[in-house]
Structure formats: C-alpha cells, structure tokens
Amino acid sequence: MINSKYNKVLTVVLVIVVIIIFALLGFWGYQTYKKYFQEKDIDTALDEFNKTITNSTRRNEFTGSDPINFTAIDNEVSNSASSGSSSNKVVTYKGFTVEGRMEIPKIDLDLPILERATKNSLEQSIGILTGPGLNQVGNTIIVGHNFRNGTFFSRNNELANGDEIYITDTSGTRIEYTIYNIYTTSSEDSDYITRDTAGKREISLSTCTDDSRYRLVIWAREAD
C-alpha cells in the first residue's frame, strides 16, 4: 500500500516536472521567435530610414552656384520614390514615425528612434520623451524599456563614461555623443530632464534598472 502511494506521488511529481519543462521550453521558444522577427523588422525600418535620408542628402547637395541639371536630379529622385524611397517620405515603424537612428557600438545597439515615447510605441522601440529634438542644442530625453533580454535598453548598465553614442536625424546628420555621467535614481526624479546644457547638444537615456525599482540615467554630450 505504501509503495503504491509512493509511486503515485512520484508519478504526479514527474508529470508536474515535465509540464514545467515544456512550459519553459515554450516560453523560451516564443521569446526567441519574437526577438528574431522583431530584429528583422527593425533592420527593415533602419534600411528604409537610411535610403530616405540618403536621397534627401543627395538632393540637398545640389545647392551651389554652378549650373545644375535639376530636371535630371528630379527624375532620379522620382525614380527612387517609385521604388519605395523619397526625399520627403516619412518613415514609420509599426505605425509610429521614425525620427532618427541610435547606434551604441559597445552594446551592439542599433535602433530606430520613434517620434514619441508612449506605452504602445515603447513596446516597439525607443522613443523621444521630451526636448528640443534630435541633434538640436539642448537636452533631448530618449527612453526605452529594459526587458532584461538584450533588447532595447536592456544592456545600458554595461555602458561607462567615455563610451560613444551616435544619433542620425532625418536630415542625415550623424553626431557622435560621449557619455559623461551615469547614475541610478528614483522614478520620481526628473531633474535630468530640465538641466542646463550651456548651449551644447546633449542627450539623456533613461530606462529602469534590472529590478525595476530605480531609473538608470545616462548623460552624453556632443563629442569635441
């Protein structure tokens, strides 16, 4: 009788363990699947953004005093537009306007910067919370989630003073920023948002810490 009860208990435990293992494998598989297609969609959006600013830059280069065949230029831009790229085309990602691109080589981050940071937009990429705008004088706040899975701002805690951040805006201007201040603070602290940059271009990156109890804030200024 005792052996029979013992075997039943072992069977129940074994079933529970198997269910847990399959649940974990299913969760891991879903996260891997989701991350793969998310990265693929992001790469597509970045390619489209790059094509758009390239066309815009090429069109803006023809502003000198030498005689220019604008008909040929316009035809070339028009042909580019018909293939999916245009000098004045607004690039969107998951329904949100792309305002720029952020690259942080140290943590292999390369993401579209969305026009606004909202609950929905931050599920797709990083976004602008407030400020004068990308690559403008003043302090522009860019926020992103820490999903603790290597995506978005999940690896910001690996950054250090002196690391580089590159921001490309819709005009095609690419500016290097250097990190000079990193700290954690409460979620209620907003002093970093309104700080004076003394006429310099600066950005602030904000995300949650791994335990979600605090905010990890990074200040960076335009490199000399």
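In this predicted model, alanine 198 is exposed, at 62% relative accessibility.

**Exercise 1.** Compare the backbone and surroundings of alanine 198 and asparagine 135, starting from phi.

Solution. Step 1: most residues other than glycine have a negative phi. Step 2: alanine 198 has a positive phi, near 55°, and asparagine 135, also not a glycine, has a positive phi of about 60°. Step 3: alanine 198 sits in the loop between β7 (174–185) and β8 (201–208), while asparagine 135 lies in the loop between β4 (126–130) and β5 (138–143). Step 4: the relative accessible area of asparagine 135 is 5%; buried means under 20%, so this residue is buried. Alanine 198, at 62%, passes the limit of over 50% and therefore counts as exposed.

**Exercise 2.** Which residue forms a salt bridge with arginine 174, and where does each partner lie?

Solution. Step 1: the partner is glutamate 103, with the closest N and O atoms 3.1 Å apart. Step 2: arginine 174 belongs to strand β7 and glutamate 103 to strand β2 (residues 96–104), 71 residues apart in the chain. Step 3: arginine 174 is partly exposed at 47%, whereas glutamate 103 is buried at 17%.

**Exercise 3.** Describe the salt bridge between arginine 221 and glutamate 202.

Solution. Step 1: the N to O distance is 3.9 Å; the cut-off is within 4 Å, so the pair counts. Step 2: the bridge links strand β9 (residues 215–222), holding arginine 221, to strand β8, holding glutamate 202, 19 residues apart. Step 3: arginine 221 is partly exposed at 34%, and glutamate 202 is buried at 4%.

How values were computed:
Residues numbered from 1 in each chain as written. Predicted model: local features only at pLDDT ≥ 70, side-chain atom pairs only at ≥ 80, totals over all residues. Heavy atoms only, no water. Helix = DSSP H or I, 4+ residues; strand = E, 2+ residues; numbered from the N terminus. Buried < 20%, exposed > 50% of the residue type's maximum accessible area, 1.4 Å probe, protein only. Salt bridge = Lys/Arg side-chain N within 4 Å of Asp/Glu carboxyl O.
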